[in-house]
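Please open the model in your viewer and keep the sequence panel beside it, so that each selection can be followed in both places.

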Amino acid sequence: MEQITAYFLNLLEIIEKELKLFKLMAAKTLLSMGWFAMGVFLLGVGLIFLAWTCFTAVSLLIGPAWAGLAASVLLLLGGGVFLWVGKKNLK
């Protein structure tokens with residue numbers, strides 16, 4: 001009976017240590033995911049501001065319709081590059 005009790009207590013200690021490690025790794029993973037999400041958000045905002053700046057500059061030269069087209073092409077190219085890099089990194 002003492003062996004079973006000792007085995008059970010050892011098992012509880014191992015479970016306790018594993019749960020502490022799991023909590024630490026889960027917190028680290030969630031923090032990393034948060035940083036990644038913030039980076040993606042800031043890249044998106046930066047790309048939108050870049051397109052808006054290009055639109056403003058080009059609209060003075062060729063008009064708002066063509067400038068909107070140029071800004072849209074810039075955004076689509078940026079999105080395509082991001083998708084291509086993401087797909088390349090998944091392999």
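## A stop at Ser59

Select Ser59 to begin: its relative accessibility is 21%, and because buried means under 20%, Ser59 counts as partly exposed. Bear in mind, as you look around, that this is a predicted model. Ser59 is found in helix α1, and if you now add Tyr7 to the selection, you will have two residues that are 52 apart in sequence, with their C-alpha atoms 77 Å apart in space.

## Around Tyr7

Keep Tyr7 selected and add Phe8, Leu9, Leu11, Leu12, Ile15 and Leu19, which together with Tyr7 form a nonpolar patch on the surface. The accessible area of these residues, taken together, is about 680 Å².

Within this patch, pick out Ile15, whose place is in helix α1, the helix that covers residues 2–62. Is Ile15 buried, partly exposed or exposed? Its relative accessibility is 41%, so Ile15 counts as partly exposed.

## On to Gly39

Next, select Gly39, which also lies in helix α1. Gly39 has a relative accessibility of 30% and therefore counts as partly exposed. Add Asn89 to the selection and ask how far apart the C-alpha atoms of Gly39 and Asn89 are. The separation is 17 Å, although the two residues are 50 residues apart along the chain.

## The whole chain

Now clear the selection and show the protein chain as a cartoon, where you can look for two helices and zero strands. Turn the view along the principal axes, and the C-alpha atoms of the protein chain fill a box of roughly 90 × 25 × 15 Å. The radius of gyration of the protein chain is 26 Å, whereas a compact globule of 91 residues would have one near 12 Å.

Switch to a surface view, and consider that the protein chain exposes about 8,200 Å², with carbon and sulfur atoms supplying 79% of that area. Of its 91 residues, 7% count as buried.

As a last step, colour the chain by charge: there are 7 positive and 4 negative charges, and the mean positions of these two groups are 27 Å apart.

Note on methods. Residues are numbered from 1 along each chain as its sequence is written. This is a predicted model: local features need pLDDT of at least 70, side-chain atom pairs count only at pLDDT 80 or more; totals for chains, interfaces and linings use all residues. Side-chain values use heavy atoms; hydrogens and water are left out. Patches are made of residues with over 30% relative accessible area and no salt bridge: like charges are joined within 9 Å, nonpolar side chains (Val, Leu, Ile, Met, Phe, Trp, Tyr) within 5 Å. Accessible areas come from the Shrake-Rupley method with a 1.4 Å probe; for residues, only the protein chains shown count as cover. A salt bridge is a side-chain nitrogen of Lys or Arg within 4 Å of a carboxyl oxygen of Asp or Glu. Helices (H or I, at least four residues) and strands (E, at least two) are DSSP runs, numbered from the N terminus. Buried means under 20% relative accessible area, exposed over 50%, partly exposed in between (1.4 Å probe, protein chains only). The radius of gyration is taken over C-alpha atoms; the globule rule is 2.2 Å times the number of residues to the power 0.38. Lys and Arg count as positive and Asp and Glu as negative; His and the chain ends are not counted. The place of a charge is taken as NZ of Lys, CZ of Arg, CG of Asp or CD of Glu.
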